[in-house]
Every structure is written in structure tokens, then in C-alpha cells.
Amino acid sequence: MRTEPGGCCCRRPVRANDCVANGEVRNGYVRSSAATAAAAASQIHHVTQNGGLYKRPFNEGFEETPMLVAVLTYVGYGVLTLFGYLRDFLRHWRIEKCHHATEREEQKDFVSLYQDFENFYTRNLYMRIRDNWNRPICSVPGARVDIMERQSHDYNWSFKYTGNVIKDVINMGSYNYLGFARNTGPCQEAAAKVLEEYGVGVCSTRQEIGNLDKHEELEKLVASFLGVEAAMTYGMGFATNSMNIPALVSKGCLILSDELNHASLVLGARLSGATIRVFKHNNMQSLEKLLKDAIVYGQPRTRRPWKKILILVEGIYSMEGSIVRLPEVIALKKKYKAYLYLDEAHSIGALGPTGRGVVDYFGLDPEDVDIMMGTFTKSFGASGGYIGGKKELIDYLRTHSHSAVYATSPSPPVVEQIVTSMKCIMGQDGTTLGKECIQQLAENVRYFRRRLKNMGFIIYGNEDSPVVPLMLYMPAKIGAFGREMLKRNIGVVVVGFPATPIIESRARFCLSAAHTKEMLDTALKEIDEVGDLLHLKYSRHRSVPLLDRPFDETTYEETED
Amino acid sequence: MFFSPSLVPPSHNIVVNGKECINFASFNFLGLLDNPRLKAAALASLKKCGVGTCGPRGFYGTFDVHLDLEDRLAKFMKTEEAIIYSYGFATIASAIPAYSKRGDIVFVDKAACFAIQKGLQASRSDIKLFNHNDMDDLQRLLKEQEIEDQKNPRKARVTRRFIVVEGLYMNTGTICPLPELVKLKYRYKARIFLEESLSFGVLGEHGRGVTEHFGIDIDDIDLISANMENSLASIGGFCCGRSFVIDHQRLSGQGYCFSASLPPLLAAAAIEALNIMEENPGIFAVLKEKCKRIHKALQGISGLKVVGESISPAFHLQLEESTGCRERDVKLLQEIVTQCMDRGIALTLARYLEKEEKYLPPPSIRVVVTVEQTEEELEKAATTISKVAQTVLL
């Protein structure tokens, strides 16, 4: 029986010889029996060079769901569904009071606005644990936050605010990776100054009369931060994807999109009119097969070559905590002459020794990524998105992006916040605050993940990713975990269906450079307690490297030692 | 490409290309861009909550300011509930696909703005376009659909119908005939989605938009969507209506669930703008007066015609006779705009994505009237445009 503390798998681009000096690697799997984490790490380092593509160990693992837990989860959902039908029946026959809003009398003969079944899940499952989401806060979303207390007397159908405020809750849910969500300090002062001078709104689009000098300043700064020729910024991160992908690809092009891409990427791809093919999450063989097929077979009926092939990937996937295998993606892109669109919403600022994102993390050249996209919401404490790339690309986007022509330009104080925080990260403000934050975040991530794994929880994702999903599986535990943690003054985010597959509900922690070691220790103590209370420590330290079966079975042999 | 950037923020007086001009190009209808009360409210919020919200509404991104703003907007518009978005364009573009799915039918005006077109595209529904503001054409389409329904009653029972119109059209400056639309709604059982980005804070006695303008019960309109980037001089958008309709967007509005929430300082500024609107209901009448005045003054300029209603604050100046080629038209109009700017009146060409629009409007100059412009300035604008048009076009 082999044990794998945090398994690892890196695919080699060529079929390598089966034996390696220590006899512990077969077909790319690292198998180490009873090795300590440190020893395993060094073995991994030697083995997973992948012909020099990876300069550092890539430790990503998704432990398999234990069979008993999976069965119990399905049973749990089954019971909930039965009760759901029962309650719907009672509500229909007016035995139980109906709380939700109904259609107007005058419009009762219209075709109903919602399908009954569409809302079954919302009415009967989501409503029961609705108090775990949309928790209103009334302070800056930093490391500690004040949550407004609310009560429900009708089982979450409606909420009343008691007027109390739960103070100083440790915030493990906000995307505040570098700790720039502050209401004091140089960023806030600069933003206040710009607010006085420029006001809040702009009332015009970039192409008409809404282009301010602040926007051009920001764009130059973003371009130098990323190491690209030019950049363009937008007022909303979601809209950056949904409005620019259609400007770049159209009918006759092919989009290869990761299975677990964000809704904005999916929407942008759909709106463009191009053909979309999905490859398995972070699975490079799946991607290579799709690329090969695309080149060999061309467009579906006419067999003409595709006008463009665009690969859509994200830097960090926010539900899995996994990091894209960028060196391999770039190698594939170069081999098959496709374009790469990298969405760094979560990874910009949070990864890499200088905070320049996933390209920096792997030590690659930013010029290899054709379109670098990201948002300012997470690591910069503002809002909006950017696209960076070659000057031709950005000039094209300035005239053809939907956002430049029809949407209002970003607000000046928000732009100033981005400028100040970016300068701080780059070290241009004369302090080492940026560097310290990046290092603090990396340390926090390593420490938190290691402690959680040692406690026995199942944690998904890459060792270096600041997004830490902790598996809950059972529907009842989703609600219980969220509520128990709030009782202990820790605010967490729990996610279930449909954001995740139905049996894989999880709690997701977002670490921040603003979290001190004491805060993390407090949080870990409470998580430990709640984990014991709810029996969440499922891990048996038997990891499967990929989330699902590898695409091509012949490459990976499943042999048991 | 873009204009050389404004060194002074684009409120009443702006500096474009190094020249000082009076601003007739930003949608700052109520003149609130420079208002010190808005700035103070935003500053207070900045000092309390910082700039960004660091999360979507579901994950600790809901602030008390957001709840306040939604409450105030619902009260102001006299509806049950309101929901706010962090981007004006995304508001209607996320609202339509939340309700209308594949297989549903949407009747939309040909002059609908780009955001509506994108919302319709994302919804994958059947789109039926009717001629701009032509109720007979719409009735024809509705009748045809009725005949189709009788052929296949089972399918008709599950096909939803929607009519999407704008209160004040951005592309033509005209007002939609809402009373007739409401009659058609009840007769053919279609729901109305009303986009009020330009008419919110402009039409109606208290600025409540086109429903107040025509005196229609707000419950007759299923969904009103507007952006806060024009009259409210902030950023973002909102939808309001009955709870039965609006609550659905909290779980299925893509731009709401999957995107970070509106920065609290922008929400605070919007609340303050609403306060100002409620305190001085007289400004709407003043704005209407100014619109009528400049509309009259711009009539009869040789070579240019005014497109838009007399009470619309954002209207277009198009060439009376097109040269036949769109590029040449655009060049002529651009020349007029540049010369007007040289003489101190800032105007802009109405911008469109020529290849993407379904029904591309003819090239035009956009003229925007705000309450801050004095009568002399309006006169000056009218005479300048008239003179420049004469030199360029004749």
C-alpha cells in the first residue's frame, strides 16, 4: 500500500524511460512510500523537470472522494429532494404557508415566468442554508471585518437586521490577497485627493469624451508592470472578458476552453460566435488531442483550416485552487501555432516572486502569452479589468472593443487606487511594503495549507495557490460549517451546487497578506474544532493527481504496488 | 483613436486638445458630476470602507451602502425591490438572459442600443425586430405569433414572450409610446422590459422616467432597467420592479453573481444624487426648458437636421443630405466637431461599432444638454454650430 503525502504528477512531453535512479517513478507518477514531505519534495524536484519546462516543483493534488462519503452525500441529496417534493405538495394544497413572491393577479394568465422545476433547487435546498451567503458587512473588507447580524423567523425566507454588528470577524472569504483593502494609508489618501479633483463619475465612453489622463497613466503603468508593450483597462472585470473575446475571435475561429473556466470567459466565448471545444481541467493531453484534431480535420463540414485557434485558460482556478500548467500550455501553443488568452483574475499580484502573476511564478517570458487579461478587484483592492499584449493588439482593441465604444470609462478614484497599489507592489513608491506583502502571502499560504493537510482535511489544489478549498461533500455540512465558523467569529465562504459538481461541495478560504500568524492560528484552531465536530477529516492521504481520470489511458498505467 | 485626454474632469467646462470648451458631450444631465455633496458622501464612504469590495455580493461583498441604495431606488421608483449592478452596460445585458431563454420570443425595437443587443444574443431566444416606434408593425408581429400559437398550443403554453423597449432611445432621441405598448401587452400576453438609461432622472415630474411621463402604473411594467452613469453621475446600473421578478436575478443575473460588487464610494455618491433629485424636483422642468430652447435654436441650420424629441436632452444632428458614402459623411461631421471645439463648444460624434450593430444608425453628432448650461451658452452653441455647418457643408 503506498502512501502519497500530496501527490504530484507532471506529464512528460515525450515517452521517457520508465526507470529513474531511485526506481520510484513509473510513467510520470511519483510514488513514494512512507516518505516525509521534505524528502518527497526533493524527489519531485528532480523528477518533474519535464525536460526543463518547470523550474520549480509543481505540487498539485486532488484527493479522491472516499466511497462511503460519496454514497452518504447522494443519500443526503435524495432525502432533501424527497422532502422538497413533500413541501411543494403541501404548499400547493395550502397546508403550508407559501412565502415566496407570486405573479400579479392581472398577469396570472401569462405564460409563467419561471419553470417550476428550475426553482426546485432554490426553493427547497438553497433556502434552507441561505444565511451563509450574502452576509452584509459594514467595514472595510480587510483581515477582520464587521458583519451585520441578521435573524430569520421563517426559516430563511426573509431576514431582519437586529441592529447588532458582529465585530472583528476574521475574514477568510474576501479576495484580499495582498491586503490592499484598507481605509487608511497612502492608497486611500491618493484616492481621496483624486476624488476631490475629478469627482466620482465620468458620464461618457472612452471613445467619446470620457478618456482622462488618469486612464492613460494607468494603462502605461499596467503595461510596464506586466512586461508587455501596451495595455488597456476597463471598468468591470467580468465585462473585460465578455466584451473583448468577441472582438478578437468570430465565426470560423476555434476556442479551446478549460472545463472549469469562469462564467465571464464562457459568456465571452459564446457571444463571439466561434466554435467552442472544451478540454479536461488542466489536462495537457486533452488539450493536445484537441489541437491535433483541429489542425488535422479543420472546420466541421468544409474541412477548411480554422482562421484562429484561441486557448482560454485561467491563472488560478478559484473553485479548485489549481494553477494552470503554463509552461506546457505555452509549449503546446508554440508547437501548434495557436493563440493563448490567459485570465489572471486571481493570480495577478498573488503569485510569483515579484507579484507579476503566473507568468512570473513559472519564470516565463510575458511575450509568450498573446493576451494577458486580469482584474484589479482581488490583489489591488479596486475594481475593473485590463488586457495587456502587443501594441497592435491593444490599438485594435481601442477601436473594436465593445467596452471602449459603449461602456462608461472607469471612475477616477478607483483608477488612482490601482495606480498607487501597483506602484507599491512594484516598489516604485520607495518602500519595501510590496515585497513584504508578497512574501507574507506566500508564507501564509504554505503554512495554512500544510497545517490543514496535517489535520486530516481533504484540501484541493496547488500548494502555492492562495485559494484553499476544503472539501465538505455532504449538503448538511455546508450549512453547518458556515454557521459554526461564524459562531466562532470566523467568516468563511461555502460553495455548493451549481458552482461545484453536486457531491463536491466545499469551503473555500482566501488567504491574505493581511492575515497575521496569530489570526491564522486562531482560525486553524477553530477549523480543527469544527472539523472534529462535523467529522470533516476525510483524508486518507491517497491522492489522485488529476481531478478525474487521465484522458489517454495508455499513457498512465494504473498499477498497484 | 481616442481624443487627447482631458486634463480637467469632464464636467461643465472641460479642456480638450488643449482648448477650453463648454461641455455638450457628456451625459451629465443634472450637472451632478462636480457636485460637492456627492464628493463629500463618496469621501466619507472611502474613509469608512476603502475603495474595492474584494468579492461578489454572495461572498462578503454586500455592504450596508448597497442595501441602502437598493432600498432608496425601490422607494424612489415606487416599486417593491431594486437590484444594483457594478457596470451600466452589464445591467440590461445580464437582466435579459436571466429571464428569456432558448425557445422564448423577444420583440425588440430596431433602434435598441448595443447593450440590449448583447443581452439578446446571450439569451439565445428568438428575436423579432419591429420598426422603430411603429406600433402597427409590432402588432403585426404579435398577430403572426398568435396564429403560430394556435397551430401549436402545447408549445405556446411554455413559450414566454417579452417586449424590450427603451424609454428614451439613445440612438434616435425619441420616446417610446408606452401607453400603446401596455395595451398590446395585455392583449397579447407579453411582458415588457423597459430600458430607462436616458429617461431616468430626466422625464416625468419627479424624474421617475417614462412611466411617470405618461402616468402609467409602474406595476404594469415587468422590469425597469437603467444605468446610474447619466443622471446620477455615478457608475453602475440597477433594475427595479416587483420582488417576484427582481429576486430571480440575485441567483441568475450573470453580471450580479459572478462579478465583484459596486465600490461603496460609488454607491454612496448615487445615494446622495438621489437625495438631491428628491430635494429639488424643479430641476427636471428646468432641464426640459433648456432642451426645448436649444432644439428650437438648432432648427433650420442648413445642411443639418435635428433628430430627437424636443424634450430629449441627448439628441443627434445628422446631415440633411448624405453624400452617399458613410466615410465621407463621418469626415464632414468630424470636421464640424473639430471646428466647434476650436470655438469653445465641445461636441462628439456618436460612436458605434460599425460591423457589429444590427441596424447601424446614420452618422451623427451627439449633442447633450445639461442643467448647468446657461442660456447664453445655449445660444452660443446654436450660433457656433450654425456658422461652422455653413462653412463646412456649403
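Being four residues apart in helix α5 (residues 135-151) of chain B, B:R140 and B:E144 are separated by about one helical turn. Their side chains meet in a salt bridge of 3.2 Å, N to O. A salt bridge here is a side-chain nitrogen of Lys or Arg within 4 Å of a carboxyl oxygen of Asp or Glu. Helices (H or I, at least four residues) and strands (E, at least two) are DSSP runs, numbered from the N terminus.

This is a predicted model: local features need pLDDT of at least 70, side-chain atom pairs count only at pLDDT 80 or more, and totals for chains, interfaces and linings use all residues. Residues are numbered from 1 along each chain as its sequence is written, chains are lettered from A and ligands numbered from 1 in the order in which they are written, and side-chain values use heavy atoms, with hydrogens and water left out.

## Salt bridges

Side chains of opposite charge can pair when their charged atoms come close. Over all chains, the count comes to 54 salt bridges. Four of these are listed here.

| Pair | Closest N to O |
|---|---|
| A:E208 and B:R366 | 2.8 Å |
| B:R37 and B:E279 | 3.0 Å |
| A:E484 and A:K487 | 3.1 Å |
| B:R140 and B:E144 | 3.2 Å |

How accessible are these residues? Buried means under 20% relative accessible area, exposed over 50%, and partly exposed in between (1.4 Å probe, protein chains only). B:R140 is partly exposed at 41%. B:E144 is partly exposed, at 41%.

The A:E484 and A:K487 pair sits in helix α15 (residues 475-487) of chain A. The two residues are three apart, about one turn of the helix. Is A:E484 buried or exposed? It is buried, because its relative accessible area is 15%. A:K487 is exposed, at 65%. Both residues belong to a network of salt bridges that also links A:R488, A:E526 and A:E529.

The side chains of B:R37 and B:E279 meet in a salt bridge. That pair links distant parts of the chain, 242 residues apart. B:R37 is in helix α1 of chain B, and B:E279 is in helix α12 (residues 264-279) of chain B. B:R37 counts as partly exposed, at 33% relative accessibility.

## Where the chains meet

Contact means heavy atoms within 4.5 Å. By that rule, 95 residues of chain A are in contact with 93 residues of chain B. The area buried between the two chains is about 8200 Å², and carbon and sulfur atoms give 64% of it. Buried area is the accessible area (1.4 Å probe) that two parts lose on being put together, summed over both.

Which residues of chain A lose the most area to chain B? They are A:E208, A:I209 and A:Y406, together 10% of what that side buries. A:E208 also forms a salt bridge with B:R366. Between chain A and chain B the count is four salt bridges. Helix α4 (residues 186-198) of chain A gives the largest share of the side that touches chain B, seven residues.

B:K47 shows the contact from the other chain. B:K47 is found in helix α1 (residues 36-49) of chain B. Not counting residues up to four places away in sequence, B:K47 touches A:N183 and A:Q188. At 47% relative accessibility, B:K47 counts as partly exposed.

## Strands

Strands of a sheet pair through backbone hydrogen bonds, either parallel or antiparallel. In this model, two strands pair if DSSP finds at least two bridges between them.

One pairing joins the two chains. Strand β4 (residues 136-137) of chain A and strand β3 (residues 62-63) of chain B pair in the parallel sense over two bridges. A:P136 stands opposite B:T62 there.

Chain B also has an open sheet of three strands, with the order β1-β2-β13 and mixed pairing. β1 (13-16) and β13 (345-346) stand at the edges, each with a single partner strand, so one side of each is left without a neighbour in the sheet. β1 and β2 (residues 19-23) of chain B pair in the antiparallel sense over four bridges. In that pair, B:I14 stands opposite B:C21.

## Backbone details

The peptide bond from A:F497 to A:P498 is cis, with omega near 0°. A:P498 lies in the loop between β17 (493-495) and β18 (506-510) of chain A.

A:C203 has a positive phi of about 60°, although it is not a glycine. A:C203 lies in the loop between α4 and α5 (213-226) of chain A, and is buried at 1%.
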